[in-house]
Amino acid sequence: MVTNVEAMIRDIKKYALENKIPIIQDEGIDFLTTFLIQKQIKNVLEIGTAIGYSAIMMALASPNLKITTIERDETRYLEAVKNIKKFQLEDRITLIFHDALEVNIEGEFDLIFIDAAKGQNIHFFEKYEKNLSKSGYIITDNMNFHGLVEKEENEIPSRNLRALVRKIKEYREFLENNQNYQVEFLNIGDGLAVARKE
Ligand code: SAH
Ligand code: MG
């Protein structure tokens, strides 16, 4: 049974690699799953499901955890539906096929995991903080964006990438200056920001 689950996880990772789907790095998901358990997180709102990898890993790590996750790309959403069924996690993972900036989500979550369009992080944060429980956490992935965030502008090959990196830096400042949250930036995986509501 355990080995079967491991093989299924390997298959998802292989699919992600082959189809260039940017799933969270091993170090990042290890941190996140440990964090969930340590902080006794009961429910998670995830922005950016892709094919369900991070949601599945979180659900497997914490047996009573419930996850609501939003994805706007139909192909990925359908792949996520399939994967979550394979793991029989339909009762704990709710998939929402929608643009996260347009849909409205009810309820409160102990943890919000932002892992969608990297230029939109401030918008996701501002839209969804109303769904954060008292002293909940907002964790954001890809704060280093493959090491590009620490590079000089002239070292970044394309205009689009430069614009994206600028957005990530703006988000970083937005978090640092946000009086309602205590923020830590961790050099784990592709860089994680952990914001705790005070
Ligand atoms: N969390 C996943 C990876 C997500 S990749 C994992 O680690 O396994 C980012 C995903 O966010 C992409 O599939 C992209 O389609 C989706 N996305 C980007 N902007 C979005 C938006 N505004 N609403 C919903 N999904 C979005
Ligand atoms: Mg990511």
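In this predicted model, a polar backbone atom of Arg72 sits 3.3 Å from a nitrogen atom of ligand 1. Ala100 also uses its backbone here: one of its N or O atoms lies 2.8 Å from a nitrogen atom of the ligand. On the oxygen side of things, a polar backbone atom of Ile24 is 2.8 Å from an oxygen atom of ligand 1. Stepping back to the surroundings as a whole, 21 residues are found around ligand 1, and those that come nearest are Ile24, Glu71, Arg76, Ala100 and Asp115. Ile24 and Ala100 thus turn up both in that nearest group and in the backbone contacts just described.

Turning to the helices, H2 (residues 26–38) packs against H3 (residues 53–61) with the axes 9 Å apart and an angle of about 40° between them. The two helices are therefore oblique to each other, and H2 passes H3 in a right-handed crossing. On the H2 side, the contact is built from Asp26, Ile29, Leu32, Thr33, Leu36 and Ile37, while H3 brings in Tyr53, Ser54, Met57, Met58 and Ala61. Sorted by character, these contact residues come out as 8 nonpolar, 2 polar and 1 charged.

A second helix pair involves H5 (residues 121–128) and H6 (residues 159–176), whose axes cross at roughly 35° and come within 9 Å. Here H5 contributes Asn121, Ile122, Phe125 and Glu126, and H6 answers with Glu170, Tyr171, Phe174 and Leu175. The tally for this contact is 5 nonpolar, 1 polar and 2 charged residues.

How values were computed. Residues numbered from 1 in each chain as written. Chains lettered and ligands numbered in written order. Predicted model: local features only at pLDDT ≥ 70, side-chain atom pairs only at ≥ 80, totals over all residues. Heavy atoms only, no water. Axes fitted to C-alpha atoms, helices over the stretch in contact; angles between N-to-C directions. Helix = DSSP H or I, 4+ residues; strand = E, 2+ residues; numbered from the N terminus. Parallel < 35°, antiparallel > 145°, perpendicular 65-115°, else oblique. Left-handed = near helix turned anticlockwise from the far one by under 90°. Contact = heavy atoms within 4.5 Å. Nonpolar A, V, L, I, M, F, W, Y, C, P; charged D, E, K, R; others polar. Near = heavy atom within 4 Å. Polar contact = N/O pair within 3.5 Å; in protein donor to acceptor, adjacent residues only side chain to side chain.
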